[in-house]
Structure formats: C-alpha cells, structure tokens
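Reader: I'm new to this and keep tripping over the labels people put on structures. Could you walk me through a few?

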Amino acid sequence: MPKALPLFVSACALSVPTFAQDRAALDALVDKDVLAAHIRFLSCDELEGRGVGTRGDLLAQRYLATQLQACGLQPAGEEGSWVQSVPILGITSQVTIPLRAAGENGEASFSAPDDYTAVAGSPATTAAWQGAELVFVGYGIFAPEQNWDDFGEADLRGKVLLVMNNDPADDPDRFAGKTRLYYGRWSYKYEEAARRGAVGAIVIHTNESAGYPYQVVQTSHGRENFWLPFVDGAPTLPVRSWCSEDAAKKLCALGGKDLDTLRRVAERGNQPPVPLGVKLDLAIENTVRELRSANIAGVLPGSDPQLAAEHVVVTAHFDHLGIGKPRGDDAIYNGAVDNASGCGGVLTLARAASQLTPRPRRSLMFLFVTAEESGLLGSQFFANQPTVPREQLVANFNVDGLNIWGSTRDLEFIGYGKNSLTGLASTIAEQRGRHLTPDSNPDLGLFYRSDHFNFARIGVPAAYFKAGKDFLDRPEDRRRMKNSYTAVHYHQPTDEIAPWWNYDGAVDDLRLLLECLVTTANADQAPRWTPGDEFEKARLPSGQGGR
Ligand SMILES: [Zn+2]
C-alpha cells in the first residue's frame, strides 16, 4: 500500500496553493516504468495502429478501461460503464462532373485535385452546383465583438463562397494580431458558409495563410473523411472545397475581377461580399459508411461534498491511423508518440492520483477520446453530450504526444494566456525551476487542432501541454532528434518505440501536470477565461469540423 500523503492544500487560502514540502512525495507517485509499460502495450503491432472502428480500436478501449478499473477509479461512461459509445460516419466523395466556370471573359474547366478539391460536407448521396453564383466574401468572418463582418446583408443562399484562409493579422488589436484564432481555421469558414445557406465554399490556399503546402489539402480529396452523425435540421454545406491560388485568380479573372485587388479591399474589413459574375458547375457522389468507436472515462471522486460535483478533466486521444500505405515493409502506423505516449501518461496520472490521501476536493476525470486524427470527433461527441452535466466540467488539460527526448527546463503551453490555467501552471513550473513558453507557432492555430479545443468550445477553460525544447543535457543532439521526429516519423509507420527513447522529460512533465491537476482540483475558485477571450462566452456552437 502506498503511504498516506498529507496534503495541506485544502486549508490553504491562496488562490494557487503550493506543494512546497509535499512535492517530493507527490512526484514519487509518477512512475517511469508504469509509463513505459503502458506505451509499450498501446503502441504494439498487435493493436494495428488503433484505427477508428477496427479491432485495434476495440482492444485499446478494453485495455484503457481495464487499467482505470485496476487503479480503483469509478466508471464515468454511459450507464455506469467505462464506455461512451461514439457513432461515426465515413464519407468518400467522388467528382462526377468536374468544376467548370463561366463568366464575361469566357469559360474554363478545372481539374481535381491539382486545381481544386471537393468533398462532402453533408451525408447526402449527391451534391451539385448547377450554374451556382460565385461570391467573394473576404475572410468569411462574422465577428461582431471584433467589429468585423464580411457578410453584411447579402443573401448567400444557393451561392458558392470564395473565401480567404486565416484571419486578419495586420492589426495587433484585432484578431490577436498574428495569432490564429478559430476564425482563421478553414473549418470555421465552412461552418459559417453553412449557416448562411451557401451550397459550397472554396477556400483559397496560399502557403502563408495555411502554414502548409497545397499538397496537404489535396490529401483529403478522394479519401474517406469522418464525421459525427449529422444533427437533423443543423445547417450543412453540400460541398467543401479548396483551390490553389492560381485557380482562384483564374476564377476571378473569368468575371473580370482581380483577386489581389479583392483581397486588398477585404483587408480593410466590413466590406460587402462581391458577386464575381461567374457561374459554377460541379457534381460529387458520396458513399456513406457507418462505424462505431468509443470514448473511455474513469473518475476519481472528489472529497469535498460541495466541490465533488465539479470535474477537472484530463484527456488524451487513443486512436491513430491504423494500417495504411506501407513504408518499406511496415504498414502499421503505431503512433507510439502520437498518442500511445499521451495515453500512457494519463494512465500513469490516474494511478498516481488514485494514491492521493486525502483525495482532491474536486473530482478528476481521466478521459480517453477516439477519432482525434479523423477531426477531433471523440472529444466533440463528448463535449456535445458529456457524461456529467456540462456545467460540472471546470477545466481540461490535454496531452497529445509526450517528450521522449530528455528533460527540459521549459514546457510549451498551448493556449498560453487564454485562461487562468496559464498562471496556475506557470507558478507551479517556476517553483520547480522550470518555465512555460507560449505556443511557438501561434500562426498555425494549434489551440484548435487537438481535443482540448472541443472543451474550450463549450466554455471549459482548457490547455494543452507540449514537450519543451530547452534540453538540460546535450541540447543540440536532443533538439535534432526532436526535429527529426516531426520531419521523419510523425504520422508514419516509424512512430514506434526505439531503444534511444528517454522517459525523463515525460516523467518531469507528468509530475508538473499532476501538480496542476491536483492544485486545480483543490483551489477555492474554478478556473476562468481571461476577460475578452474568444471562448469566454462559449458562443461557438458545437458544430462539425475542427481538425
Ligand atoms: Zn495526436
């Protein structure tokens, strides 16, 4: 039996209670071998890369639930089980009539996926543009709180919107300057187009506004894309499209318009949509398949009768890409870092937390979500229909990939400054002789690209921990190895455990995270958003998309 661990925090009046004397005892609960063992199992070949709806998916679910039970947690899924079943639709679209455009300057045909991509945004078996009018809508943003409206009074029903990616970056006081807000994500553009009754939206790709080359958007074309079941009556967009910048210029020119001029004017904000004088034809056929996965949840009940109903949730996605295109003779995408490591980390935290005496005041929920790689679907499903009342979710910490390169002084904190978890985690990091760094690529919008986003979206203060870069030992070597993971192994069959893996950094980060969890669970006040943050009012509807 673990020895009782005295925690004085509940008596502490400070808003961020500290662990001072108890830190060593708390840290001892996070065990490196436990972590390594979980990662080894979850990334083994026999789980076949944990692809959504596969046998590997089911086996991973069984393992996670079994381990939570073995820690002595309570089930927190549906009807007293560990499981929240998640129905998923797989939709594969095929272009049956390629894109054709006609305007005062003539006609042109475009070919997919070189010039454009087209996939379904609804479960209908077909979708078509028949002489649909093309309208340029700038950034396609409606943000009254930023005094920005690209739509005005225009009636866009039945039209196709041509829209710029990202959000305005020039003014540091608007749209958080260079930081990409949700308004800058392509999924937002499609959701807004659907709300306006459009029949399609074409996002103009540029390397700068996307942060990745056109080849990346081409991969969604012709492939099976995954969705949660569509809610009856919710707005859908029949066709989601991207086009290359050249194709966008050509489309505008057919109507006698110049894309550069249109974009320059749109940057001023509050410009009305511009009908381009171009009509479009396109048709796609969609094959729809139903599959099933699940989220797995366990809870350590809080010890304070008043606060126990409130839950601090720690999440990690357990799905990965399954079996796919072989590289060499290996076709199993093990996802050892992404995200067997995060799941192993959360299981390690669950075991550590279950040994705390007394238990934290608020409840701690350990939630493993599915289908992150397919568009954050498991966490979206949970956020739409949480297994405890929505208002009882008070914070979310997300783990997606642990540090397997070695100890660092820093820890990257995605969502830095957005809510009070930043101050709490910073204080704890400094007491540990470490420090938090803000998102190193704010223009990429990482805050909207893992599961914590779906908690933010329903108003739950959320944060995402990422491995640091300031290595204590042999910094050059380790930084090179870390960069090579992103460049060579990320989303490849070679994301596997290797003999050189070093768990010290992961253990340090988990210890810090455990202290953040317990401190959040014991604090007098629940976390809150920074006043004026885009999620403070949680006004974003929990729609589709957001990968
Ligand atoms: Zn991941």
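Author: Sure, starting with contact: it means heavy atoms within 4.5 Å. By that rule Ala37, His38, Phe41 and Leu42 in helix 2 meet Ala60, Tyr63, Leu64 and Gln67 in helix 3. Bear in mind that this is a predicted model, where local features need pLDDT of at least 70 and side-chain atom pairs 80 or more, while totals for chains, interfaces and linings use all residues. Residues are numbered from 1 along each chain, and side-chain values use heavy atoms, without hydrogens and water.

Reader: What makes helix 2 roughly antiparallel to helix 3?

Author: Their axes cross at roughly 160°. Angles over 145 degrees count as roughly antiparallel, under 35 as roughly parallel, 65 to 115 as roughly perpendicular and the rest as oblique, so helix 2 gets the roughly antiparallel label against helix 3.

Reader: And why is helix 11 called oblique to helix 14?

Author: Helix 11 and helix 14 pack at about 130°, with axes 10 Å apart. That angle falls into "the rest", so oblique it is.

Reader: Which atoms are the protein donors of the zinc ion?

Author: Donors are N, O and S atoms within 2.8 Å of the metal (3.2 Å for Na, K and Ca), and water isn't among the atoms, so sites may look incomplete. Here they are His317 (NE2), Asp338 (OD) and Asp400 (OD) twice, at 2.0 to 2.6 Å.

Reader: What makes the arrangement around the zinc ion irregular?

Author: Four donors are tetrahedral if all angles lie between 85 and 135 degrees, or square planar if opposite donors are over 155 degrees apart and all others between 65 and 115. The angles here are 54 to 153°, so the arrangement is irregular.

Definitions and conventions: Axes are lines fitted to C-alpha atoms, for helices over the stretch in contact, and angles run from 0 to 180 degrees between N-to-C directions. Helices (H or I, at least four residues) and strands (E, at least two) are DSSP runs, numbered from the N terminus. Four donors count as tetrahedral if all angles lie between 85 and 135 degrees; four count as square planar and six as octahedral if opposite donors are over 155 degrees apart and all others between 65 and 115; anything else is irregular.
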